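Me: Please take a close look at the aromatic rings in this model. I would like to know how they pair up and what else they take part in.

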Amino acid sequence: MPERLIQNADFVITMDDDRRRLAGADVLIRNGMIVEVGQGLTTKGEVVSGEGCVVTPGLVNTHHHLYQTLTRAVPGAQNALLFGWLKTLYPIWAQFGPEEMHVSALVGLAELALSGCTLTSDHLYLYPNGARLEDTIAAAQEIGLRFQPTRGAMSIGESLGGLPPDALVEREEYILEDMIRVVDAFHDPSEGSMCRVGLAPCSPFSVSRDLMRQTALLARDKGVMLHTHLAENDEDIAYSLETFGCRPGQYAEELGWTGDDVWHAHCVKLDGQEIDLFAKSKTGVAHCPCSNCRLGSGIAPVRQMRDAGVPLGLGVDGSASNDVGNLMSEARQSMLLQRVANGADAMSADEALEIATRGGAEVLGRDDCGQIAVGKRADIAMWDVSGIESAGSWDPAALVLAGPQKAHNLFVEGRQIVKEGRILSVNLPLTLDRQTKCVGALLEKF
């Protein structure tokens with residue numbers, strides 16, 4: 001891989017331990033790593049001009065459902081709360097197969113890359129018609145993003161009092177067997193890994209207590225992380241109280257689902273005791289502000305979580321509950337919602353960007369990512385601040401306030417994935433054509 005030098009950037013926002021913001025700075029990349037940050041650097045390799053650009057660590061997405069990119073703006077689900085939304089979409093998702101999973105993931109990952117994302121997790125919890133986790137892993141390899149897929153699962157269908165239709169649930173014995181298979185086949189725990197697999201039963205209302213407990217034991221035996229949805233809205237809390245006789249945080253703690261190897265999605269309705277539990281145990285949270293707004297779930301207590309010390313990152317969630325896969329817009333929405341809830345000084349643009357970069361990397365257990373610092377992986381986003389989005393901005397580094405919201409250049413492990421706003425790794429028009437055909441076939445059935 002050729003040495004690259006990002007030269008003379010207007011600003012480099014490092015997110016290093018000193019949170020340095022460097023003007024007129026350079027970043028030298030070699031063998032997938034950042035080897036020098038400063039001014040006046042030179043190289044015999046490729047030079048990428050940073051003039052007119054702000055350089056940041058690549059953004060990190062801690063929660064997504066890539067398969068949902070085929071089901072944006074479905075009419076019956078546009079105005080529904082979580083449970084009704086799911087019941088509308090489950091029959092559509094039941095028609096998916098390997099092609100739909102792969103194409104949807106390709107489009108979702110390309111969209112993330114164009115929004116400056118270099119590392120993303122994915123929560124795939126349904127496997128109809130022969131679909132498998134590797135359908136999405138192959139897509140991430142094609143796009144070139146650093147990937148943290150999770151082998152999700154649903155095991156309690158409608159006939160047993162669960163929410164999903166019986167056709168979309170799996171036997172728990174098979175789920176555990178397949179979890180072992182995908183970890184053994186695809187998980188790479190090494191520094192700089194491009195693929196780390198996690199285990200992720202879907203939610204407390206779609207799997208049994210026993211599967212949650214067994215999955216936690218398996219994950220720790222294999223040395224992988226755990227992920228699920230938790231405390232997403234009032235319906236979720238009511239279900240937990242009625243079914244388990246406790247709040248979601250207590251349910252998670254009793255089953256071994258707290259610790260620095262666990263992160264939960266949403267957590268909109270955590271109370272003070274649950275926030276303290278997560279802070280003390282270093283249990284992570286994937287905050288999904290746009291999806292939470294779209295589904296009317298509420299405003300997550302992000303300010304309280306951050307102040308208590310809960311590890312927190314951003315997630316776009318699925319495109320069926322967000323419709324957009326742009327992490328910079330999530331950072332802005334997160335900042336705005338905390339100001340609505342707690343006042344105009346509740347969250348700065350700098351803090352929102354930190355959550356979107358270093359914060360997300362910490363939640364996913366990636367201390368090798370999320371910073372522009374010597375020895376970290378060369379996952380870097382460049383933002384062109386010479387355009388109309390930033391015109392008139394007195395502080396171009398305040399990207400969350402004035403934009404832009406699409407990356408100009410993007411590097412993952414030192415490889416260029418986006419160049420001048422265009423994705424390089426796949427033929428995007430052909431990929432979108434495949435997506436259109438998949439959606440057309442689904443529309444014929446509904």
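Reply: The answer below begins with the protein overall, then goes to the rings, and ends with the empty spaces inside the model.

This is a predicted model, in which local features need a pLDDT of at least 70 and side-chain atom pairs count only at pLDDT 80 or more, while totals for chains, interfaces and linings use all residues. Residues are numbered from 1 along each chain as its sequence is written, and side-chain values use heavy atoms, with hydrogens and water left out.

The protein contains 14 helices and 17 strands (DSSP runs numbered from the N terminus: H or I of at least four residues for a helix, E of at least two for a strand). Along the principal axes, the C-alpha atoms of the protein fill a box of roughly 65 × 45 × 40 Å. Of its 446 residues, 62% count as buried (under 20% relative accessible area with a 1.4 Å probe and protein chains only; over 50% is exposed, and in between is partly exposed).

Now the rings. The structure holds nine aromatic pairs (rings of Phe, Tyr or the six-membered ring of Trp with centres within 6.5 Å; planes under 30 degrees apart are stacked, over 60 edge-to-face, the rest tilted). One of these is the pair of Y67 and W93, which is edge-to-face, with 5.0 Å from centre to centre and 85 degrees between the planes. Y67 belongs to the loop between β6 (59-61) and α1 (82-93), whereas W93 belongs to helix α1, so the pair ties together parts that are 26 residues apart in sequence. Both partners are in the buried class: Y67 has a relative accessible area of 1%, and W93 has one of 0%. Y239 and F244 give another example: their ring centres are 6.0 Å apart and their planes stand at 75 degrees, so this pair is edge-to-face too. F244 is buried, at a relative accessible area of 15%.

Some pairs join up. Y67, W85, Y90, W93, F96 and Y125 are linked by ring pairs into a cluster. A ring can also face a charge: the charged end of R151 sits over the ring of Y127, 4.2 Å from its centre (NZ of Lys or CZ of Arg within 6 Å of the ring centre and within 35 degrees of the ring normal).

Two of the clustered residues, W85 and Y125, appear again when empty space is searched for. The whole structure has one cavity of 30 Å³ or more (on a 1 Å grid over the protein atoms alone, points where a 1.4 Å probe fits but cannot get out; lining residues have an atom within 4 Å of a point). The largest cavity has about 120 Å³ of space (the space filled by probe spheres on points joined across faces, edges and corners). It is lined by 15 residues, and the closest to its centre are L82, W85, L86, Y125 and H229. Helix α1 gives the most to this lining, with four residues.

The largest pocket (an open set of points with protein on both sides within 12 Å along at least five of seven lines) has about 190 Å³ of space. Its lining includes L70, T71, R72, I92 and F446. Here helix α14 (residues 428-443) gives the most, with three residues.
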